[in-house]
Each structure stands twice: as C-alpha cells, then as structure tokens.
Amino acid sequence: MKAERIKVTVGVCGGIAAYKSVELVRLLQDAGYDPHVVMTAAAEKFVTPLTFAAISGHRVITSLWSEEAGTGSAEEDPEAEHSSVEHIQAAQSTRLLVVAPATANMLAKFAHGLADDFLSTMYLATTAPVIVAPAMNVNMWEHPAVQANVATLRARGVKVIEPGSGYLACGMVGGGRLAEPASIVTAVAEMLAEDARDDAGQQGRRDFTGEVVLVTAGGTREPIDPVRYIGNRSSGRMGYAVAEAAMRRGARVVLISAPTTLPCPAGIEVEQVVSVEDMRAAVMAQLNEATVVVMAAAVSDYRVKDVADRKMKRDGAQAISLELAGTVDILREVVGRRRDGTLVVGFAAETEDAIANGRGKLERKGVDAVVVNDVSKEGIGFDSEQNAGSFLTKDGMVEFPVMSKAEMAERILDEVLKLRVGTAH
Ligand code: CTP
C-alpha cells in the first residue's frame, strides 16, 4: 500500500517572489509531501493558478466564494472542497500552512485577525502549525509596523523564516528577499517533525521506561595554569537534548556535564566536571547502573603535562611550547567495562571524510553506534542550534538531515531503541 502523503498548504501572496513559490511547490513534492495551493487575488497578477494546479495536481483555491474558487486539475475530487465552508475544510485537513511569499499586508492581517480572503480566513481557522516566509522591499521589512506584526506572530508560535539579503526587485539591495525555497522545505520538515513530537509527548510516549541513560555533554577543559585552559567549541546542546529527550520518554537520566552555559535540566541528575580525568571518574562511578551510554561530550585528547601552579608570565614576545600528554579514551574504557546488554553510542565530530572516519571509530572503539557530524559545515554542529549527521552501526547507516538538536536527540533515541530490540536486555 502506498503511504499517504502529508498535506501541506502553500499560501501564495502577491509579490514578485511569487514565482519562487512554483519551485517551492515542486520541491515539496520531491520531498514526498502533498502540496495544495491557496493564492490571494494579488498573487494571480504574478503567477497563474494554472501553473500551480499543473504542478501540484490539485485545484488551486483563489477565493472564498466557490463559484470563482479555483482552477484545477480534472482528477480533483469535486465534492471535497466545493462548499461554503471550504476554508474550514481546508484548514482542518492540512497538516501545515506555509505562506511564501508573505507580504506586509498578509502579515498584518494574520497579526490582527482580519479574515477578508481565503488565506487569512484559513489562517484563523487552522490549528495546524504555520510558517511565514516574508518578502518585500527592505524599508517595508524594517518598518516598525511590520516588525511589530512579525513579533506578534512569533509570540503566537508562528515560525518566521527571515528574508535574506541581496538584490531586490525594486532595485534596492538589502533585507527582504524571500528565503530560498530549499530552506523553506527544511523548515516545513522540521516543523512537522516538532508537531509529531508534541503529539507523541501529549500521548506520553514512555518508551525509555526502565532504562538508565548515562549521557556526557559539553567540552572538557585541561588546565594550563590557574587561569588558562585548553578547551573546545562544544556548547553541550546536543548532549543536553539527548538527556532531556530520554527523561521525557521515561528514562532515569544521569548527565555528566563538562562546562556549558546551559541551565541544569529539571528531572535529571547532573554532575558537573571539568577535565577529562574528572569526567572519566564520574562516568566510571555510574557505569554499573547504566543501560544506555551516550557520549556526546567533546573530550580533550591531550592534557598539559606539567600544569603551572601560578599564572604563567609573559616573557616579552618569546615563543613558548607546552608539552602535552595523551588523555585516557573514556569511551573505549566504557566499552571494556560495560555490563552485558548496555548499549554504547559515541559521537564523532569530523571535518573531512566524515563517514569513513566515523566507521573507523565505530570499529576501533567497539561501540554499538557512532553519530557522525560534519562540523566543517556552517550552521550545524558546534555552537549551533541545529545539527545534521549520520547514525552508523555495524550493519547500516541512517542519515539525519539538518534539524534542531532536540529533534536529532529524538531520532538518536529512536535508533537506540531499534538496537535494543536486537539485543537481549
Ligand atoms: N572520547 C572519549 N575520550 C576521549 C576522547 C574521545 O570518551 N579521550 C569520546 C567522545 O566523547 C566521542 C568519541 O570518543 O563520543 C569520539 O571522539 P573524537 O574526539 O571524535 O574521537 P577521537 O578518538 O578523539 O579521535 P580523533 O580526535 O583522532 O578524531
């Protein structure tokens, strides 16, 4: 049986960027969604409904009034949406509403609850998540009236995809350009995943009940002298996200955290550590209890051999060298000492040959899985809210496209559960 595709409604407003929505609809289709299009009257001045109908394979809604309500394909179910409450039907059946381009006028209507056309009426009638991708002249975008409306929508949970900078149709250069269709599709995927997670949360998915999950997070610090250290750029977000997700899903969670700026998550036992040796001691003390170990911490491979007990003083412009000694590989030790049935997941932050290096670590360290991140890519990985990567196991690989770290944490746990099924625990 063919899986049913997810219905996503694309609202198109009247702006030069409306032509880019054609590409957006096509990309949504390529990504496996079922896009339906709603156009404002002004949008029809830029692109014809027929274009969208041909690409989406569905009738395009252009008006609140059914006799002039659209242009579409022959295959469309005639009774489904031809009624005086079509906007209610459309609003209830869509899983997400994405408006691109969103004009200043439409943002104002959304923010103030005006409902004088199909799109603004549908916005009020839907409980599905909403994304807006504004596009307009830079002065309009920066106008306090528009920014106030955007802030209102954000506060209401609408996701706003900031316009980019560049050459604008009005001849000016600046902010106001519609975000690239590909990044709008990414936002759609993310928002749908978040929504599914919220649903699961409400249904109280407790599939980690009975598990004790030991997580390491953050970047260790190796002292040079009393005020300086060797550290790294890990923010700790990925590990904290795994810890929080496991806790929500019913696990008892112990988080061993190297320094981060993140608040201690409620409901989780957190142990703060600084150096590799501290982290090792804390992990080993908890290992016997753990049924799953996720080592997301960025652990220093070296430490300073002779740590100065006083602050080192500068000697003019004289170069100095620090002698470094290797640190213990905590992950390897965990694998060697774990109880039978304890699953161990490592992380690998790579800047080149990510998959090959990840596979190497999987084998060398003897772990059950390695989450590989390519940290050379901008906007993901270190110091970022987002991540992407691959979950490598002995027999396979699952790709994680760009997503929030919270979402990636859920996906990692989903994969861990699949491994659990394969082991007798
Ligand atoms: N790790 C560890 N102890 C160390 C170094 C790393 O437990 N001393 C763990 C990390 O928490 C991570 C995994 O090993 O889960 C891989 O870390 P990474 O720094 O990518 O691997 P290394 O073995 O240090 O390899 P390299 O630095 O050569 O890439």
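Which pocket does the space taken by the ligand form? In this predicted model, the space that the ligand takes up is the largest pocket. Good morning, everyone. I shall begin with that pocket and its ligand, then turn to the database annotations, and end with two details of the backbone.

Let us consider the surroundings of the ligand. The ligand is surrounded by 16 residues, and the closest are Met295, Asp301, Phe347, Lys361 and Lys365. Sorted by class, this shell holds nine nonpolar, three polar and four charged residues.

Where do these residues come from? Helix H12 (330-337), strand E18 (343-350) and helix H13 (354-365) are the elements that give two or more residues to the shell around the ligand. Of the elements, E18 gives the most, with four residues.

Next, I turn to individual atoms. Asp301 has a polar side-chain atom 2.8 Å from an oxygen atom of the ligand. With Phe347, the backbone is involved: one of its N or O atoms lies 2.9 Å from a ligand oxygen atom. Val328 also takes part through its backbone, where a polar atom is 2.9 Å from a nitrogen atom of the ligand. As for the surface, the ligand on its own has 570 Å² of accessible area, and the protein covers 77% of that area.

What does the record say? The UniProt annotation "binding site", from an unreviewed entry, covers Asp301, Lys311, Phe347, Lys361 and Lys365. These residues span 65 residues in sequence, and their farthest two C-alpha atoms are 37.2 Å apart, so they do not all gather at one spot. From this set, Asp301, Phe347, Lys361 and Lys365 belong to the lining of the largest pocket. On the chain, Asp301 is found in the loop between strand E15 (292-295) and strand E16 (302-304).

UniProt, again in an unreviewed entry, also places the feature "domain: DNA/pantothenate metabolism flavoprotein C-terminal" at residues 209-418. Over residues 209-418, the chain is 27% helix and 29% strand. The C-alpha atoms at the two ends of this stretch are 15 Å apart.

I close with the backbone. As a general rule, most residues other than glycine have a negative phi, and most peptide bonds are trans. Two places in this model may be set beside that rule.

Which residues does a cis peptide bond join? The bond joins Ala100 and Pro101, with omega at about -5°. Pro101 is part of strand E5 (residues 96-102).

The second place is Asp353, which has a positive phi of about 40° although it is not a glycine. Asp353 lies in the loop between E18 and H13. Both of these elements also give residues to the shell around the ligand. Thank you for your attention.

Notes:
Residues are numbered from 1 along each chain as its sequence is written. This is a predicted model: local features need pLDDT of at least 70, side-chain atom pairs count only at pLDDT 80 or more; totals for chains, interfaces and linings use all residues. Side-chain values use heavy atoms; hydrogens and water are left out. A residue is near a molecule or strand if one of its heavy atoms lies within 4 Å of it. A polar contact is a pair of N or O atoms within 3.5 Å; within protein, one must be able to donate a hydrogen and the other to accept it, and residues adjacent in sequence count only if both atoms are side-chain atoms. Accessible areas come from the Shrake-Rupley method with a 1.4 Å probe; for residues, only the protein chains shown count as cover. On a 1 Å grid over the protein atoms alone, a cavity is a set of points where a 1.4 Å probe fits but cannot get out, and a pocket is an open set with protein on both sides within 12 Å along at least five of seven lines; lining residues have an atom within 4 Å of a point. A molecule sits in a cavity or pocket if more than half of its atoms lie within 2 Å of its grid points. Ala, Val, Leu, Ile, Met, Phe, Trp, Tyr, Cys and Pro count as nonpolar, Asp, Glu, Lys and Arg as charged, and the others, Gly among them, as polar. UniProt positions are given in the numbering used here, feature names are shortened, and annotations may be inferred rather than shown by experiment.
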